[in-house]
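Q: Please take a close look at one part of this predicted model, the second helix and what surrounds it. I am new to this structure, so a plain, connected account would help.

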Amino acid sequence: MALRTIRTEGDPVLEKKSRPITEMTPKLRNLIVDMLDTMYDAMGVGLAAPQVGILKRLVVIDVGEGPIVLINPEILETSGEQTGEEGCLSVPGMAGQVTRPNYVKVKALDINMEEVEYEGTELLARAFCHEIDHLDGRMYTELVEGELHRVSYEDEDEEE
């Protein structure tokens, strides 16, 4: 479809709480396709609707196992702990150490507006937390332990 412009840190839309989605529309279906295309083009593993300027509770994720679409996602359960490098398409070229749960269970609606549950560990658990934070106007930079540092996208797989 179309690549969307990714909003960057400092854009007020990234600090706002997103609204729940009540119905699937052709416009929303197009947004999901655009968000997936935009995420893949930017070599990210996740993208939340506020990052493309849309205050809706919508997230797309792909950690290499195929795309996951989460509408109105909620975290049901977390356990364990992992600390690792985290970056964000809205903070290009930067990364920092962030501690997140190592296991996350989420509930959401899929593209057919049917309830689904996903469980994830490691990178997927991190992506669930990171993207859902975006829906509440929170950036990973608030959680960074120490300083952000520059990263080269050619050398590493960068997380969203």
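A: Just after helix H2, Gly137 has a positive phi of about 75 degrees. The helix that comes before this glycine covers residues 122–135, which makes 14 residues. From its first C-alpha to its last, H2 reaches 21 Å, close to the 20 Å expected at 1.5 Å a residue.

H2 is mostly covered, with 12 of its 14 residues buried. The buried residues include nonpolar ones such as Leu124, Ala125, Ala127, Phe128, Ile132 and Leu135. Arg126, His130, Glu131, Asp133 and His134 are also on the list of buried residues, as is Cys129. An α-helix has 3.6 residues a turn, so residues three or four places apart point the same way.

The partner of this helix is a sheet. H2 packs on an open sheet of five strands, whose order is E1-E2-E3-E6-E7 and whose pairing is antiparallel. Strands E1 (46–48) and E7 (115–121) stand at the edges with a single partner strand each, so one side of each has no neighbour in the sheet. Neighbouring strands of this sheet are turned by 35 degrees against each other on average, with direction ignored.

At one end of the order, strand E6 (residues 103–109) pairs with E7 in the antiparallel sense over seven bridges. Within this pairing, Lys107 stands opposite Glu117 in E7. Helix H1 packs on the sheet too, touching E1, E2 and E3, and its direction makes about 40 degrees with that of E2. H2, for its part, touches E1, E2, E3, E6 and E7, and its direction makes about 125 degrees with that of E7.

Next come the nonpolar cores. The largest one has 16 residues, and those with the most contacts inside it are Leu28, Ile32, Met35, Leu47, Leu58, Val60 and Ile71. Helix H1 (26–41), strand E2 (58–61) and strand E3 (68–79) are the elements that give two or more residues to this core. H1 supplies the largest share, six residues. Apart from this core lies another, of 15 residues, and among them are Ile68, Val104, Ala108 and Ala125. Ala125 is one of the buried residues of H2, and so this second core takes in a residue of the helix under study.

In the largest core, Ile32 is one of the residues with the most contacts. Leaving aside neighbours within four places in sequence, Ile32 is in contact with Met24, Leu58, Val60, Val69, Ile71 and Ile111.

The loops beside strand E1 give further detail. Between H1 and E1 lies a loop that holds Met43. Phi of Met43 is near 60 degrees, a positive value in a residue other than glycine. Met43 is exposed, with a relative accessible area of 57%. Asn72 also has a positive phi, near 55 degrees, and is likewise not a glycine. Asn72, however, is found in strand E3 and is buried, with a relative accessible area of 18%.

In the loop between E1 and E2 is Ala49, a buried residue with a relative accessible area of 0%. Not counting residues up to four places away in sequence, Ala49 touches Met35, Ile54, Lys56 and Leu58. Met35 and Leu58 are also among the residues with the most contacts inside the largest core. Ala49 and Leu14 are 35 residues apart in sequence, and their C-alpha atoms are 9.6 Å apart in space.

Another set of strands involves E5 (residues 94–100). Five of the seven residues of E5 are buried, so this strand is largely enclosed by the rest of the structure. Strand E4 (residues 82–87) pairs with E5 in the antiparallel sense over six bridges, and Gly87 has Ala95 in E5 as its bridge partner. The hairpin of E4 and E5 has six residues between the strands, and in it Gly93 takes a positive phi near 80 degrees. E5 is also joined by three bridges to strand E8 (residues 145–150), and the two run antiparallel. Here the bridge partner of Gln97 is Glu145 in E8.

Last, a word on confidence. The mean pLDDT of the protein is 94, and 94% of its residues reach 70 or more. Over residues 155–160 the pLDDT is below 50, although this stretch has 27 contacts in the model beyond near neighbours in sequence. Where pLDDT is low, the predicted coordinates should not be read in detail.

Notes:
Residues are numbered from 1 along each chain as its sequence is written. This is a predicted model: local features need pLDDT of at least 70, side-chain atom pairs count only at pLDDT 80 or more; totals for chains, interfaces and linings use all residues. Side-chain values use heavy atoms; hydrogens and water are left out. A nonpolar core is a set of buried Ala, Val, Leu, Ile, Met, Phe, Trp, Tyr and Cys residues joined through side-chain atoms within 4.5 Å. Buried means under 20% relative accessible area, exposed over 50%, partly exposed in between (1.4 Å probe, protein chains only). Helices (H or I, at least four residues) and strands (E, at least two) are DSSP runs, numbered from the N terminus. Contact means heavy atoms within 4.5 Å. The expected span of a helix is 1.5 Å times one less than its number of residues. Two strands pair if DSSP finds at least two bridges between them. pLDDT is the predictor's confidence in each residue, from 0 to 100. Axes are lines fitted to C-alpha atoms, for helices over the stretch in contact, and angles run from 0 to 180 degrees between N-to-C directions.
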